[in-house]
Amino acid sequence: MQLLITLDDQLRPVPTRIVESVQLRIFRKCGRKTEPPTNTGVGMNVSEYLLKRRLLFDGLKQGGLERTPDHKPI
């Protein structure tokens, strides 16, 4: 998870509660079990969600985060 930082009136960094990105990794291949194929091809599924300004200021749909398609590189 990655959070945003803003500047106060004296230009000092101030942390916010706004999440810029979230990445989930689910490991599917444990032990010798045969598991279904994964979206990375190496035994784990990876999902990434990125902050989208239009969602953040449009009633906080999905918390402002949008899932990146699986076929895009991470």
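This dialogue walks through the strands, the sheet and a few residues of one predicted model.

Student: Before reading any feature, what should I know about the numbering and about how this predicted model is treated?

Tutor: Residues are numbered from 1 along each chain as its sequence is written. Because the model is predicted, local features need pLDDT of at least 70 and side-chain atom pairs count only at pLDDT 80 or more, whereas totals for chains, interfaces and linings use all residues, and side-chain values use heavy atoms, with hydrogens and water left out.

Student: Which secondary structure elements does the chain hold, and what pattern do they follow along the sequence?

Tutor: Helices (H or I, at least four residues) and strands (E, at least two) are DSSP runs, numbered from the N terminus. On that reading the chain comes to one helix and four strands, and along the sequence they follow the pattern β-β-β-α-β.

Student: How are the strands ordered in the sheet, and in what sense do they pair?

Tutor: In general, strands of a sheet pair through backbone hydrogen bonds, either parallel or antiparallel. Two strands are taken to pair if DSSP finds at least two bridges between them. Here the four strands form an open sheet in the order 1-2-3-4, with antiparallel pairing. Strand 1 and strand 4 are the edge strands, each pairing on one side only. On average, neighbouring strands of this sheet are turned by 25° against each other, direction ignored, where axes are lines fitted to C-alpha atoms, for helices over the stretch in contact, and angles run from 0 to 180 degrees between N-to-C directions.

Student: How many bridges join strand 1 to strand 2, strand 2 to strand 3, and strand 3 to strand 4?

Tutor: Strand 1 (residues 2-7) and strand 2 (residues 13-27) pair over five bridges, with I5 having P15 as its bridge partner and L3 standing opposite V19. Strand 2 and strand 3 are joined by seven bridges, while three bridges join strand 3 to strand 4, where the bridge partner of Y49 is R67.

Student: What is notable about the phi of L11 in the hairpin of strand 1 and strand 2?

Tutor: Most residues other than glycine have a negative phi. L11, however, takes a positive phi near 65° in this hairpin, which has five residues between the strands. L11 lies in the loop between strand 1 and strand 2, and L11 counts as exposed because its relative accessibility is 64%, the cut-offs being under 20% relative accessible area for buried, over 50% for exposed, and partly exposed in between (1.4 Å probe, protein chains only).

Student: Where does E48 lie, and is E48 buried or exposed?

Tutor: E48 lies in strand 3 (residues 44-51), and since its relative accessibility is 15%, E48 counts as buried. Opposite E48 stands Q23; the two are 25 residues apart along the chain, yet their C-alpha atoms are separated by 4.3 Å.

Student: Which residues does T68 touch, and is T68 buried or exposed?

Tutor: T68, in the segment after strand 4 (65-67), touches E48 and L50, not counting residues up to four places away in sequence, where contact means heavy atoms within 4.5 Å. With a relative accessibility of 15%, T68 counts as buried.

Student: What share of the residues of the chain count as buried, and what share of the contacts is between residues 24 or more positions apart?

Tutor: Of the 74 residues, 19% count as buried. Among contacts with a separation of 6 or more, residues 24 or more positions apart account for 23%.
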